[in-house]
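Here's a quick briefing to read alongside the structure. Take a look at the chains first, then work through the points by topic.

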Amino acid sequence: MRKLALAAALLAPLAAFADPDPADWDAVLEEARGQTVFWNAWGGSTTTNDFIAWAGERVAEEYGVTVEHVKLTDTADAVTRVLAEKQAGQDTGGAIDLIWINGANFAAMKEADLLFGPWAEDLPNWAFVDTEGKTVQTDFTVPTEGLEAPWAMAQVVFIHDTADLPEPLPSMPALLEWAEANPGRFTYPQPPDFLGTTFLKQALIDLLDDPSVLAEPVAEETYDEITEPLWTFLDTLTPLLWREGRAYPQTGPRQLQLINDGEIDLAISFSPGEASTAIANFQLPDTARTFVLEKGTIGNASFVTIPYNSASKAGAMVLANFLMSPEAQLRAQDPEILGYGTVLAMEKLADEDRRGFEMLDLGIATLSPAELGQVQDEPHPSWATRLSEDWQARFGVAE
Amino acid sequence: MTAPPAERPALSPSRRPLRRRLLPTLPLLTLLAMLGPVAAGLGGTLLPAFGHLPAAGETGPSLDPFRALFAWPGLGDAVRLSITTGLLATATSLAIVVLITAGWSGTRAFRVIERLLSPLLAVPHAAAAFGLAFLIAPSGWIARLFSPGLTGWERPPDLLIVQDPWGLTMTAGLVAKEVPFLLLMTLAALGQVKAQESVTVARALGYGRLTGWLKTVFPRVYAQIRLPVYVVLAYSMSVVDVAVILGPNTPPTLSVQIVRWMADPDLAMRLQAAAGALLQLGLVLGALALWFLLERLVAWLARRWIASGRRGRVDPLWRGIGLGAAGLSAFAVLAGLAGLALWSVAGFWSFPDALPDGLSLRSWGRHGPAATEALGETALIALTATVGALALAIGCLEAEHRYGLRPSTRGLWLLYLPLLVPQIAFLPGLQTLLLFGGADMGRLPVILAHLVFVLPYVFLSLGDPYRAWDSRQGIVAAALGSSPDRVLWRVRLPMLLRPVLTASAVGLAVSVGQYLPTLLIGGGRVATLTTEAVALASGGDRRAIGVYGLMQSAAALIPFALALALPALIWRNRKGLAIG
């Protein structure tokens with residue numbers, strides 16, 4: 001016993017350098033004050049950038065945490081950076097404190113032991129999170145295990161310009177039929193862009209009778225048979241695409257510009273509120289609306305995660321906790337601001353907070369939660385990688 | 001003799017020995033400062049290319065990365081694109097610059113073109129590419145102007161103009177940007193050769209304006225702009241941002257594909273990327289060698305042509321072509337910029353409207369404050385890097401001059417390595433180097449990384465005019481009692497004001513335009529106008545791109561305006577220096 005006390009006394013000065021414990025939230029708040037959090041997040045969307053700036057101002061006011069938004073063109077850049085730091089032996093004071101992440105990037109970081117934690121499920125606002133109805137504890141079927149905190153829900157919708165395409169398309173075969181009648185009026189972001197890959201997954205899920213096989217990792221024996229309908233579908237669709245599939249938009253938002261320019265009539269989006277927000281920002285005509293497929297569409301969560309060598313882990317947790325707060329979630333869901341789905345469970349909220357969500361006008365082009373219908377699970381991350389690779393070999397270098 | 005009358009030199013014997021020790025070492029220091037990062041960076045590429053990347057669980061050596069690279073089905077097209085767009089863009093840019101300078105220098109039309117083109121060098125490649133894309137796309141500005149009236153298009157036609165598989169649009173975008181660069185280099189070189197006198201004599205002998213210039217002035221000018229031409233070739237072959245915006249994507253050029261592999265979450269792809277980077281390096285070196293041989297061939301043919309004594313009967317035709325091409329190239333960038341400016345204040349604007357429904361300052365309100373903050377960061381980095389580069393370059397050149405340290409041809413090639421080696425080939429390795437040095441954070445390493453790229457450009461821009469300076473001026477000044485330092489400060493640098501300012505403007509523009517070094521070395525923490533603009537570019541929001549593109553252009557444009565205006569202003573009483 002005395003030995004232990006002695007050891008504790010000797011080790012006490014070292015405790016200051018130890019990682020913060022999220023279970024002791026007051027200590028986290030204390031440590032976070034004055035820290036600067038470098039939040040690496042995709043910077044391609046101006047509305048998201050504005051939201052991140054707002055969140056930074058709020059945590060600065062409330063908790064004395066400074067947030068710097070590092071605008072990425074590709075989240076993998078952040079993964080690469082942390083890896084480079086590990087390679088160089090920089091195990092403390094890394095350049096990145098928080099990353100907006102999901103899917104294959106999370107799987108890669110988790111696999112390579114580049115993450116701090118577990119911490120996410122100890123945050124105070126975790127109590128409000130909808131752990132039953134929403135996929136917040138698995139990320140593309142990979143268990144999150146408290147290594148990342150959810151902050152937004154996304155679901156695939158299709159944006160259509162009702163001036164040219166008045167009626168929703170119920171399924172992928174119907175989409176193909178419409179494309180045959182209207183060649184050159186549809187395209188999707190070029191895989192490996194995540195939205196383009198999502199289109200492949202969405203098409204495969206819709207074409208399969210039983211998409212549950214996609215929950216398992218890709219198996220060589222069954223891969224060809226399972227994906228055969230997708231390649232047949234794409235072989236027919238590709239010559240009917242915008243520019244006959246010889247060029248593709250490189251990102252999702254680029255499709256909005258194409259609709260605005262009158263070049264295409266239909267685009268895929270991973271954000272149910274994106275169309276309404278874009279109309280408000282003059283980026284889409286006010287005739288744009290959204291629809292989902294009859295069998296449902298893919299949904300997933302966006303997370304934030306903390307690298308193992310972050311210099312401001314406490315500050316990063318304070319920011320992650322703030323992002324899950326009713327205040328931040330309500331603002332994110334406002335289509336005038338961001339239009340992202342909330343990760344919170346309405347029944348867990350205080351009455352006042354819940355009313356805020358109920359009062360929210362989701363916008364002219366946004367479907368209600370009921371209209372969004374069935375959410376389909378993301379396939380295992382290995383499918384995204386494999387489909388994207390095969391697409392690139394089949395269509396990515398085609399003339 | 002227009003130099004001011006010499007005063008008595010203020011001798012400071014105590015300081016001279018120190019300088020004598022310091023100055024001769026400067027060239028070596030400069031070389032080390034630049035070659036260290038490049039060599040380390042290349043090492044960081046070489047190892048993974050041969051299968052050694054412990055962080056990804058790979059320990060080589062093996063040839064698997066190259067096998068994977070050659071198994072990529074798009075490799076043939078990607079390599080072809082890299083070569084054809086690079087050679088075509090360089091040859092076309094050089095031809096336009098030569099035609100316009102040969103056919104029109106000394107005329108009013110030339111001064112107009114010069115004023116139009118020179119500042120366009122400042123326009124960042126990405127902004128110019130976006131402007132061009134909006135101009136010539138099927139739903140672009142030109143189509144909008146004539147639709148539906150003349151064309152009958154209610155909807156834009158489904159034509160593959162931008163991102164065509166032959167890379168022609170991309171080549172056009174590169175030409176529009178490289179013409180101003182080569183023209184400015186040519187103008188700086190013209191100050192060192194007695195072009196007007198030579199042409200006057202040639203014309204008196206009955207040569208056409210263009211033929212006379214080509215035969216008497218061009219050989220001397222080309223000797224001075226040769227390295228800039230090589231840089232244009234190396235750059236055009238490995239450019240990323242322009243290729244992403246205007247180039248094809250099925251498959252893209254090799255360098256774009258390398259960037260994609262580097263960004264792949266699967267770390268093993270970095271090995272394949274490293275192998276691709278080495279291939280890209282080989283392609284660039286091969287193309288440079290080819291160009292070098294072509295130079296020999298052209299020189300041999302041209303000597304026969306010069307000796308033939310032909311006076312140039314079709315000169316007027318070629319002059320017209322030169323003026324047209326230069327005008328078109330200026331128009332493309334200017335109209336593209338106008339498009340960006342209009343988008344930055346546009347309300348809703350769809351096809352086929354030639355103008356937006358309404359104007360609004362909303363985009364500036366949204367993006368202005370952040371853009372201004374990025375402007376401050378950009379300016380700070382660019383100014384520091386340029387001043388440092390200028391000091392080193394002048395120090396080196398002066399040491400060369402005083403101690404006869406003129407580097408060998410091989411030394412020069414080493415000096416220009418950072419420009420001739422594709423950035424993508426050695427920057428990730430450079431990042432690791434800085435990490436080991438514990439200097440991975442913040443602004444200072446970014447400035448040092450910019451210096452690696454800024455210094456060669458400054459050197460490239462300043463070196464030839466500096467060396468071509470008539471040293472008899474210095475001998476005269478020394479004979480009148482001036483110390484070497486005094487000759488430098490009171491005679492040489494004032495006479496070389498135009499090339500010095502040009503070099504500074506080039507340095508600033510280079511720094512402002514750097515994307516990969518800022519992103520990789522700054523760890524993403526240093527936000528300049530360029531990193532912000534390219535991040536936005538992936539989202540395709542033309543209004544935001546308009547705001548950032550204009551700010552970015554302004555950041556680099558003002559120094560060029562000064563580089564052109566200041567010598568004329570300062571030397572308004574020195575006719576020979578003012579015109580240059």
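Start with helix α15 of chain B, which runs over residues 362-403 and has 42 residues. From its first C-alpha to its last it reaches 60 Å, close to the 62 Å expected at 1.5 Å a residue. Keep in mind that this is a predicted model.

**Long helices and what follows them**

- Helix α15(B) isn't without a bend: a kink of about 45 degrees lies at G368(B). The proline P369(B) comes shortly after that kink.
- Just past the end of α15(B) you'll find G404(B), with a positive phi of about 60 degrees.
- How does the span of α3(B) fit with its 30 residues? At 1.5 Å a residue they should cover 44 Å, and the end C-alpha atoms are 43 Å apart, so the two agree.
- After α3(B) comes G106(B), which also has a positive phi, near 90 degrees.

**A helix pair in chain B**

- Two packed helices are described by the angle between their axes and the distance between the axes.
- For helix α22 (residues 497-513) and helix α25 (residues 542-570) of chain B, the axes come within 9 Å and cross at roughly 180 degrees. An angle over 145 degrees counts as roughly antiparallel, so that's how α22(B) and α25(B) run relative to each other.
- On the α22(B) side, the residues that meet α25(B) include L497(B), L501(B), L508(B) and V512(B). On the α25(B) side, F560(B), L562(B), L566(B) and I570(B) are among them.
- The residues of this contact between α22(B) and α25(B) divide into 15 nonpolar, three polar and one charged.

**Where the chains touch**

- Chain A brings 53 residues to the contact, and chain B brings 45 residues.
- On the chain B side, α18 (423-436), α24 (529-537) and α25 each supply at least two residues.
- What kinds of residues make up the side of chain B that touches chain A? They split into 20 nonpolar, 14 polar and eleven charged.
- For the complex, the predictor gives an ipTM of 0.75 and a pTM of 0.77.

**Unusual backbone spots**

- Most residues other than glycine have a negative phi, and most peptide bonds are trans.
- In chain A, a cis peptide bond joins G117(A) and P118(A), with omega at about 10 degrees. You'll find P118(A) in the loop between α5 (104-111) and β4 (138-139) of chain A.
- Chain B has a cis peptide bond between F351(B) and P352(B), where omega is about 0 degrees. P352(B) sits in the loop between α14 (315-344) and α15 of chain B.
- R243(A) is a residue other than glycine with a positive phi, near 55 degrees. Look for R243(A) in the loop between α8 (220-237) and α9 (252-260) of chain A.

**How far to trust the model**

- Chain A has a mean pLDDT of 89, with 95% of its residues at 70 or more. Over residues 1-16 of chain A, though, pLDDT is below 50, and that stretch has zero contacts beyond near neighbours in sequence.
- Chain B averages a pLDDT of 83, and 89% of the residues score at least 70.
- Which helices of chain B mark the extremes of confidence? Helix α3 (residues 75-104) is highest at a mean of 93, while helix α26 (residues 575-579) is lowest at 60.
- Residues 1-18 of chain B stay under 50, and the model has 15 contacts for them beyond four places in sequence.
- Where pLDDT is low, the predicted coordinates should not be read in detail.

Methods: Residues numbered from 1 in each chain as written. Chains lettered and ligands numbered in written order. Predicted model: local features only at pLDDT ≥ 70, side-chain atom pairs only at ≥ 80, totals over all residues. Axes fitted to C-alpha atoms, helices over the stretch in contact; angles between N-to-C directions. Helix = DSSP H or I, 4+ residues; strand = E, 2+ residues; numbered from the N terminus. Parallel < 35°, antiparallel > 145°, perpendicular 65-115°, else oblique. Contact = placed C-beta atoms within 7 Å. Nonpolar A, V, L, I, M, F, W, Y, C, P; charged D, E, K, R; others polar. pLDDT = per-residue confidence, 0-100. Expected span 1.5 Å × (residues − 1). Bend = angle between axes of the 7 residues up to and from the residue.
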